[in-house]
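Trainee: I'd like to go through this model and have you justify the labels as we go. Can we start by putting it on the screen?

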Amino acid sequence: MAQRPRSGGFGGFGKKLSGTTYNEEQLEFMKGHVMAIEQFNDSVSRGLLEFPLKIHIVAKSDGSNGCEIAEVQAAIRELNKSFLKANIRFLPLEDYNYIRDDALYRFPVVDEEKLCRPHDRANVINVYIVNKLQGERNSFSGYTHPPSAKPVNRLFITKKALSNGTTLKRQMGHFFGLYPTAGPIAGQRSEELVSGENCQMEGDQVCDTPADPGLDRRSIDDRCDYVGTLKDANRKFYKPMVDNIMSDNPRQGCRTKFSRGQLKRMLYTATYIRNYIKFPPPADATKKYLKKLKEKYGQEGELVFNINASKANVQLLQNLYKVQGTFLPETAYFFEITNLRKGFIYVFEGDEDRGFHLLYPQAGDQQYFKDEKKKFRVPTNKGDHFQVDPDGTKNYICILFSKKQILPERFLQEINELDDEQLNLFQRFYAAHQEKIVGNHNIEFKDNKIEFSATSTERYIVPIFLEYDKR
């Protein structure tokens with residue numbers, strides 16, 4: 001069947017929403033993962049996968065008109081709110097790179113190698129922020145390089161688009177394996193049927209995003225409703241997902257979310273395709289320097305979780321300890337905590353329905369600890385214990401080690417009031433306090449034993465998460 005043209009993809013006259021394109025090798029590469037993505041179980045317990053961003057800010061030769069760091073940080077906060085739903089978190093490397101060049105400030109994409117070759121950092125995601133992205137025929141807000149057997153770790157975005165809440169998310173979606181919902185070939189309508197019967201191999205290859213003919217301003221009204229009249233090959237009317245971040249909907253405010261299937265595809269890509277991306281050691285990371293850093297900013301502790309009258313067995317999943325076994329309602333438990341460095345300690349407990357609430361400290365309990373070994377019990381009175389809540393199927397416990405004092409009531413309120421049904425409680429914790437939480441690359445967790453050591457500089461909170469199942 002001959003391919004039909006599709007509309008959409010332009011945010012205004014001569015300006016495309018996305019400059020990301022796909023060649024045959026990239027399409028075949030992802031096609032080779034289709035069955036594995038289908039079989040991938042995204043519902044099992046897992047911690048966060050963290051990815052480093054090397055930020056390159058391109059300014060004029062005199063240093064003017066570059067992007068502000070605060071703008072970058074705000075954009076990463078917004079990016080994480082969407083990607084935490086896929087258990088993906090992005091952290092910028094501390095050494096921002098400033099490039100002063102009038103010719104590259106208004107960036108012609110044919111000069112990509114000229115811009116990037118001297119500045120790329122290996123095996124991280126290089127994010128280049130420029131004033132303008134100019135293609136052969138059109139300008140656009142951003143583009144990246146999709147997964148490939150020969151990966152290129154670059155993403156480009158204009159300064160103006162950085163703060164619009166969608167472009168960075170869309171390009172990172174492309175980087176982690178997502179196609180536009182209308183399919184990967186620009187200007188060509190895919191053969192995906194409205195019935196969904198060929199959704200695995202056609203369109204965006206994600207089956208919970210409906211077939212999409214491509215969108216333009218004529219097909220979307222001011223209320224973000226689809227008013228188009230196009231039909232598929234079976235003469236069924238299209239009903240596209242106009243609020244999807246990967247949609248070509250030119251009404252930017254409509255595009256707000258990823259589907260569950262898209263989150264699954266990105267998590268698979270992060271786990272098995274982009275897993276070579278790692279945090280580099282600090283530039284001056286001599287053993288002597290790292291030792292001094294740890295002496296000044298170190299946090300260390302360990303925990304014994306006693307439940308059902310015995311020490312719990314645990315499995316480490318990135319930054320989450322999964323407690324082995326399932327537990328009946330009202331099963332008794334308590335903690336034995338050992339702290340080795342000065343700081344504050346808090347213990348929270350909760351589930352999806354109740355949110356988090358404070359277990360420790362209670363009135364009269366110690367919350368600040370000196371730079372010495374201190375072992376204590378929670379609850380503090382010998383013989384007292386907590387009980388497994390009777391509702392729900394899964395509980396989280398967070399033992400929070402902090403270099404700074406927090407106000408628990410306000411801290412938990414910011415988590416519990418996050419209104420996003422796609423985020424579980426563990427993810428909501430990170431979404432609410434992401435800039436305070438030390439990255440996993442600065443924390444050494446022990447496997448099969450709840451013990452850690454960390455280096456906290458600008459970020460000051462180390463959360464130790466336990467997850468257990470109820471029956």
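Mentor: Sure. Start with Asn-87, in the loop between helix 3 (69–83) and strand 4. Keep in mind that this is a predicted model, where local features need pLDDT of at least 70, side-chain atom pairs count only at pLDDT 80 or more, and totals for chains, interfaces and linings use all residues. Residues are numbered from 1 along each chain as its sequence is written, and side-chain values use heavy atoms, leaving out hydrogens and water.

Trainee: What makes Asn-87 count as buried?

Mentor: Its relative accessibility is 7%. Buried means under 20% relative accessible area, exposed means over 50%, and partly exposed is in between (1.4 Å probe, protein chains only). So Asn-87, at 7%, is buried. Asn-87 also has a positive phi of about 60°, although it isn't a glycine.

Trainee: Gln-318 has a positive phi too, near 60°. Why is Gln-318 called partly exposed?

Mentor: Gln-318 has a relative accessible area of 39%, so it falls between the two cut-offs. Look for Gln-318 in the loop between strand 14 (314–317) and strand 15.

Trainee: Back to strand 4, then. How do you know what is a strand?

Mentor: Strands are DSSP runs of E with at least two residues, helices are runs of H or I with at least four, and both are numbered from the N terminus. Strand 4 covers residues 88–92, and five of its five residues are buried. Both faces are covered: Ile-88, Phe-90 and Pro-92 sit on one side, Arg-89 and Leu-91 on the other.

Trainee: What makes strand 3 and strand 4 a pair?

Mentor: The rule is that DSSP finds at least two bridges between two strands. Strand 3 (residues 49–59) and strand 4 have five, so they pair, and they run parallel. One of the bridges puts Glu-50 opposite Arg-89 in strand 4.

Trainee: Now charges. Why is Asp-225 with Arg-223 called a salt bridge?

Mentor: A salt bridge needs a side-chain nitrogen of Lys or Arg within 4 Å of a carboxyl oxygen of Asp or Glu. Here the N to O distance is 3.8 Å, so the pair qualifies. Asp-225 is partly exposed at 36%, while Arg-223, at 66%, counts as exposed.

Trainee: And which other pairs are there, like the one of Lys-322?

Mentor: Lys-322 meets Glu-467 at 2.8 Å, N to O. Lys-322 lies in strand 15 (residues 320–327) and Glu-467 in strand 25 (residues 461–470), so the pair ties together parts 145 residues apart in sequence. Both Lys-322 and Glu-467 are buried. Lys-470 does something along those lines with Asp-351, with the closest N and O atoms 3.5 Å apart. That pair links strand 25 to strand 17 (residues 343–351), 119 residues apart. Lys-470 and Asp-351 are buried as well. Elsewhere, salt bridges that share partners join Glu-112, Glu-113, Arg-117, Asp-120 and Arg-154 into one network. The whole structure has 30 salt bridges.

Trainee: How do you know that the side chain of Ser-247 makes a polar contact with Asn-249?

Mentor: A polar contact is a pair of N or O atoms within 3.5 Å; within protein, one must be able to donate a hydrogen and the other to accept it, and residues adjacent in sequence count only if both atoms are side-chain atoms. The side chain of Ser-247 reaches the backbone nitrogen of Asn-249 at 2.9 Å, so the distance fits. Ser-247 is buried, at 0%. Asn-424 does this at the start of helix 11: a side-chain oxygen comes to within 3.1 Å of the backbone nitrogen of Phe-426.

Trainee: What makes helix 11 mostly covered?

Mentor: Eight of the nine residues of helix 11 (residues 425–433) are buried, including Leu-425, Phe-426 and Tyr-430.

Trainee: Which residues of helix 10 meet helix 11?

Mentor: Phe-411, Glu-414, Ile-415 and Asn-416 do, touching Leu-425, Arg-428, Phe-429, Ala-432 and His-433; contact means heavy atoms within 4.5 Å.
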